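Please open the model in your viewer and keep the selection panel at hand. The stops below can be taken in order, one selection after another.

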Amino acid sequence: MPTILAIGATGTVGRHLVPHLVDRGLPVRALVRNRGADLPAAVERVIGDLADPGTLGPALDGVDG
């Protein structure tokens, strides 16, 4: 099953989209600045920041969509 990377998972759209993906049984990884971000328990959290490209490698590793 493809892993989906959610960038902006706690934002205006992401906070509504991520729970729907989880409810469909899809593996979701969220790029977050804070591991304590308010997300469903099933979501894998990866610390990173789009302004710092050096933090994106772990977020993208193994992601399909």
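What follows is a short tour of a predicted model, with a pocket, two cores and a pair of residues as its stops.

**The largest pocket**

Begin by selecting I7, G8, A9, T10, L31, V32, R33, N34, A37, G48, D49 and L50, which together line the largest pocket. With these residues displayed, look for the space between them, which amounts to about 210 Å³. If you colour the lining by class, you should find six nonpolar, four polar and two charged residues.

**The largest nonpolar core**

Next, select A6, A9, V18, L21, V28, A30, V32, A37, L39 and V43, the ten residues that make up the largest nonpolar core. Showing the backbone as a cartoon will help here, since α1 (14–23) and β2 (28–32) each supply at least two residues of this core. Of the contributing elements, β2 gives the most, with three residues.

Now centre the view on A9, which belongs to this core and also appears in the lining of the largest pocket. Leaving aside residues up to four places away in sequence, A9 touches G14, R15, V18, A30 and L39.

Then turn to a second core, separate from the one just visited, which has five residues, among them L5, L31, V46 and A59. L31 deserves another glance, as it is also listed among the residues that line the largest pocket.

**R29 in strand β2**

Stay with β2 and select R29, which lies in this strand. Is R29 buried or exposed? R29 counts as buried because its relative accessibility is 9%, under the 20% cut-off.

Show the side chain of R29 together with that of E44, and you can trace a polar contact of 3.0 Å between them. Another place to look is D61, whose backbone oxygen lies 2.6 Å from a polar atom of the R29 side chain. For the wider surroundings, add the residues that R29 touches beyond four places away in sequence: T3, I4, L5, A6, V43, E44, V46, P58, A59, L60, D61 and V63.

**T3, before the first strand**

From that list of contacts, pick T3 as the last stop; its place is in the segment before β1 (4–7). T3 counts as buried because its relative accessibility is 16%, which is again under the 20% cut-off. Finally, display P27, R29, G62, V63, D64 and G65, the residues that T3 touches when those up to four places away in sequence are not counted. Among them is R29, which brings you back to the previous stop.

Note on methods
Residues numbered from 1 in each chain as written. Predicted model: local features only at pLDDT ≥ 70, side-chain atom pairs only at ≥ 80, totals over all residues. Heavy atoms only, no water. 1 Å grid on protein atoms, 1.4 Å probe; cavity = no way out; pocket = protein on both sides within 12 Å on 5 of 7 lines; lining within 4 Å. Points joined across faces, edges and corners; volume = space filled by probe spheres on them. Nonpolar A, V, L, I, M, F, W, Y, C, P; charged D, E, K, R; others polar. Core = buried A, V, L, I, M, F, W, Y, C linked by side-chain atoms within 4.5 Å. Buried < 20%, exposed > 50% of the residue type's maximum accessible area, 1.4 Å probe, protein only. Helix = DSSP H or I, 4+ residues; strand = E, 2+ residues; numbered from the N terminus. Contact = heavy atoms within 4.5 Å. Polar contact = N/O pair within 3.5 Å; in protein donor to acceptor, adjacent residues only side chain to side chain.
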